[in-house]
Amino acid sequence: MDQTCMQIFSDFHETTFWLGSSDFAIEGSWRWVETGTGFTGYTNWATGFPDGNRTHNCLLMKYIGNTPQWVDYNCNSKSYYICETPYVSQ
Ligand SMILES: [Ca+2]
């Protein structure tokens, strides 16, 4: 994650952010909600995650110490979210 993103997250003073992925349809089969595709290559799971819990079906980025990592979490929990958008140069 680049330094600009890290600074923005820090400025929010929040430690959790939803990312757009779920294993709701098939436990353990994580898919990006927008495209339906699975993870290809990069993942950032925290140690012990995903935990295989059938009530933890949404992907949350959570600061563990100073490091943002992925955990699976209950989809009904409230948190900020992160959306991807194309880069527009100025
Ligand atoms: Ca799950």
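The following exercises, with worked solutions, concern strand pairing and the nonpolar core in a predicted model.

Residues are numbered from 1 along each chain as its sequence is written. Because the model is predicted, local features need pLDDT of at least 70 and side-chain atom pairs count only at pLDDT 80 or more, while totals for chains, interfaces and linings use all residues.

**Exercise 1. Describe the annotated domain in terms of its extent and secondary structure.**

Solution. Step one: the unreviewed UniProt entry carries the annotation "domain: C-type lectin" for residues 17-84; positions follow the numbering used here, feature names are shortened, and annotations may be inferred rather than shown by experiment. Step two: the end C-alpha atoms of this span are 13 Å apart, and its content is 0% helix and 35% strand. Helices (H or I, at least four residues) and strands (E, at least two) are DSSP runs numbered from the N terminus.

**Exercise 2. Determine which strands pair with β1, and in which sense.**

Solution. Two strands pair if DSSP finds at least two bridges between them.
- Strand β1 (residues 16-22) runs antiparallel to β3 (residues 58-64), with four bridges; Thr-16 is partnered by Lys-62, and Ser-22 by Cys-58.
- With β5 (residues 80-81), β1 forms two bridges in the parallel sense, and Trp-18 is opposite Tyr-81.
- With β2 (residues 31-32), β1 forms two bridges in the antiparallel sense, and Ser-22 is opposite Arg-31.

**Exercise 3. Characterise the connection between β3 and β4.**

Solution. Step one: β3 and β4 (residues 67-73) are antiparallel and joined by seven bridges. Step two: the two strands form a hairpin with two residues between them, and Gly-65 in the turn has a positive phi of about 70 degrees. Step three: Cys-58 of β3 has Tyr-73 as its bridge partner in β4.

**Exercise 4. Identify the largest nonpolar core and the elements that contribute to it.**

Solution. A nonpolar core is a set of buried Ala, Val, Leu, Ile, Met, Phe, Trp, Tyr and Cys residues joined through C-beta atoms within 7 Å. A residue is buried if 20 or more other C-beta atoms, placed from the backbone, lie within 10 Å of its own. The largest core comprises nine residues: Trp-30, Phe-49, Cys-58, Leu-59, Leu-60, Met-61, Trp-70, Val-71 and Tyr-73. The elements giving two or more residues to this core are β3 and β4, and β3 gives the most, with four. In soluble globular proteins, nonpolar side chains tend to be buried together.

**Exercise 5. List the contacts of Cys-58 beyond its neighbours within four places in sequence.**

Solution. Contact requires C-beta atoms, placed from the backbone, within 7 Å. With those neighbours left aside, Cys-58 is in contact with Trp-18, Ser-22, Asp-72, Tyr-73 and Cys-75.

Conventions: A residue is buried if 20 or more other C-beta atoms lie within 10 Å of its own, exposed if 12 or fewer, and partly exposed in between; C-beta atoms are placed from the backbone. Two residues are in contact if their C-beta atoms, placed from the backbone, lie within 7 Å.
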